[in-house]
Amino acid sequence: MNTHAHDSIRAVQWTGTHLRLLDQRRLPHESVYLDMDTAPEAAVAIRDMVVRGAPAIGVTAAYAVVLSARQAWSRDPSHWRDAMQADLDTLAASRPTAVNLFWALAHMRRLMDRLPDGVDPTGELLLEAERIHHDDIEGNRRMGELGAALIDPGKAVLTHCNTGSLATGGYGTALGVIRSAYAKGLIPHVFADETRPWLQGARLTAWELVQDGIPVSLLCEGAAASLMREDRVSWVIVGADRIAANGDAANKIGTYGLAVLARHHGVRFMVVAPTTTIDMEAADGSAIPIEQRGAEEVLELAGKRVAADGAGAWNPAFDVTPAGLIDAIVTERGVVEQPDREKMLALMSGR
């Protein structure tokens, strides 16, 4: 069966002249694309979650460097690198946890340093941004195949947040595994946490799966334990925004709790992410910065306050799942089962 049949969405696009992003804040009710002509506009889009998901943020950042270079060259061809510095700093400050953002900026900066003086850098930088985008999609398809190979047929799976085409260059990480597994007839159904407070599961994952004809049921995070107790799912499959050198994985808040529940109920737990998400300089999960977002995201819904007046909120955007609760980390380079520091080093060094 064609595994690409369930792959119709591209949230990050280059039009030939500018960056176009699907505004994920408007889904599922409206599909609205926003055009970006400058790097600061792209940085705002990252910060305000027009685009979200670690790989998609990295791809967006690479295209934003192209926009910055185009403007810098037009203003001052002799000092275009210096003219880009403020834009690069603005992009780096847009989200702190997703390591793909910093990887993409560092990658594009290394290319900038190699380019000759006196030649418009835009064309070479665009080719590299397009390569990063293409490689992300192909890597996701590779991860889809590797992850699907771990799944025995028959039961549904549970996922959290959004890890599909909306969160990546295309196809998806954890949702890419689910797309591949469904196309092969290995899973009959997907359960998706609604994912408070931004409801990425309800608004985005469910939308993607419906668009591509994959059966999906939503559940509140608090229902996951009962779902597992009823033996409805064989795997929890999630993505990651940063993975430490020992295999600890930071992902959307609520992931850690799912891992604890999965271990108690004998459900296996899979993290799917490209190697650009692995930060070998972070010794373990305690070294991963956790973004704290505004209290209004918890206290309000669609701009209307739902919490009691006077109540405060604690709103970490991510949590860290210890490597000891992860059965498999799936990357485009291969699968690490029961991850630890030695296995992660072997993966990254190609041993």
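Residues are classed here by relative accessible area: buried means under 20%, exposed over 50%, and partly exposed in between, with a 1.4 Å probe and protein chains only. The structure is a predicted model, in which local features need pLDDT of at least 70 and side-chain atom pairs count only at pLDDT 80 or more, whereas totals for chains, interfaces and linings use all residues. Residues are numbered from 1 along each chain as its sequence is written, and side-chain values use heavy atoms, with hydrogens and water left out.

The protein chain contains eleven helices and 16 strands, where helices (H or I, at least four residues) and strands (E, at least two) are DSSP runs numbered from the N terminus. Its radius of gyration, taken over C-alpha atoms, is 20 Å, close to the 20 Å that the globule rule gives for 351 residues, so the chain is as compact as a globular protein of that length. The globule rule is 2.2 Å times the number of residues to the power 0.38. Along the principal axes, the C-alpha atoms of the protein chain occupy a box of roughly 65 × 55 × 40 Å.

Burial and contacts were examined next. Of the 351 residues of the protein chain, 56% are classed as buried. Contacts are defined by heavy atoms within 4.5 Å; of those in the protein chain with a separation of 6 or more, 76% come from residues 24 or more positions apart. The accessible surface amounts to about 14000 Å², and carbon and sulfur atoms contribute 53% of this area. Accessible areas come from the Shrake-Rupley method with a 1.4 Å probe, and for residues only the protein chains shown count as cover.

The charged residues comprise 34 positive and 45 negative charges, whose mean positions are 3 Å apart. In this count Lys and Arg are positive and Asp and Glu negative, while His and the chain ends are not counted; each charge is placed at NZ of Lys, CZ of Arg, CG of Asp or CD of Glu. A search of the whole structure yields 19 salt bridges, a salt bridge being a side-chain nitrogen of Lys or Arg within 4 Å of a carboxyl oxygen of Asp or Glu.

One of these salt bridges joins the side chains of Arg25 and Asp23, with an N to O distance of 2.9 Å. Arg25 is partly exposed at 38% relative accessibility, whereas Asp23 is buried, with a relative accessible area of 2%. A salt bridge is also formed by the side chains of Asp117 and Arg81, at 2.8 Å from N to O. Asp117 lies in the loop between α4 (99-114) and α5 (122-148) and Arg81 in helix α3 (residues 80-92), so this pair ties together parts that are 36 residues apart in sequence. Asp117 is exposed, at 61% relative accessibility, and Arg81 is partly exposed, at 23%.

In the salt bridge between Glu337 and Arg268, the closest N and O atoms are 3.6 Å apart. This pair links distant parts of the chain, with Glu337 in strand β16 (residues 334-337) and Arg268 in strand β10 (residues 268-272), 69 residues apart. Glu337 has a relative accessible area of 37% and is partly exposed; Arg268, with 30%, is partly exposed. In addition, Arg95, Glu291, Arg293 and Glu297 are joined into one network by salt bridges that share partners.

The backbone was then considered. Most residues other than glycine have a negative phi, and most peptide bonds are trans. The peptide bond from Leu27 to Pro28 is cis, with omega near 5°, and Pro28 is located in the loop between β2 (19-22) and β3 (33-36). Arg196 and Pro197 are joined by a cis peptide bond with omega of about 0°; Pro197 belongs to the loop between β5 (190-193) and α7 (200-211).

The loop between β5 and α7 also holds Thr195, which is not a glycine yet has a positive phi of about 70°. Thr195 is buried, at 0% relative accessibility. Tyr171, not a glycine, has a positive phi of about 75°. Tyr171 lies in the loop between β4 and α6 and is buried, at 1% relative accessibility.

Thr173 is placed in the loop between β4 (156-159) and α6 (174-183). With a relative accessible area of 4%, Thr173 is buried. Apart from neighbours within four places in sequence, the contacts of Thr173 include Pro55, Asn140, Met143, Thr163, Thr168, Gly239, Val272, Ala273 and Pro274.
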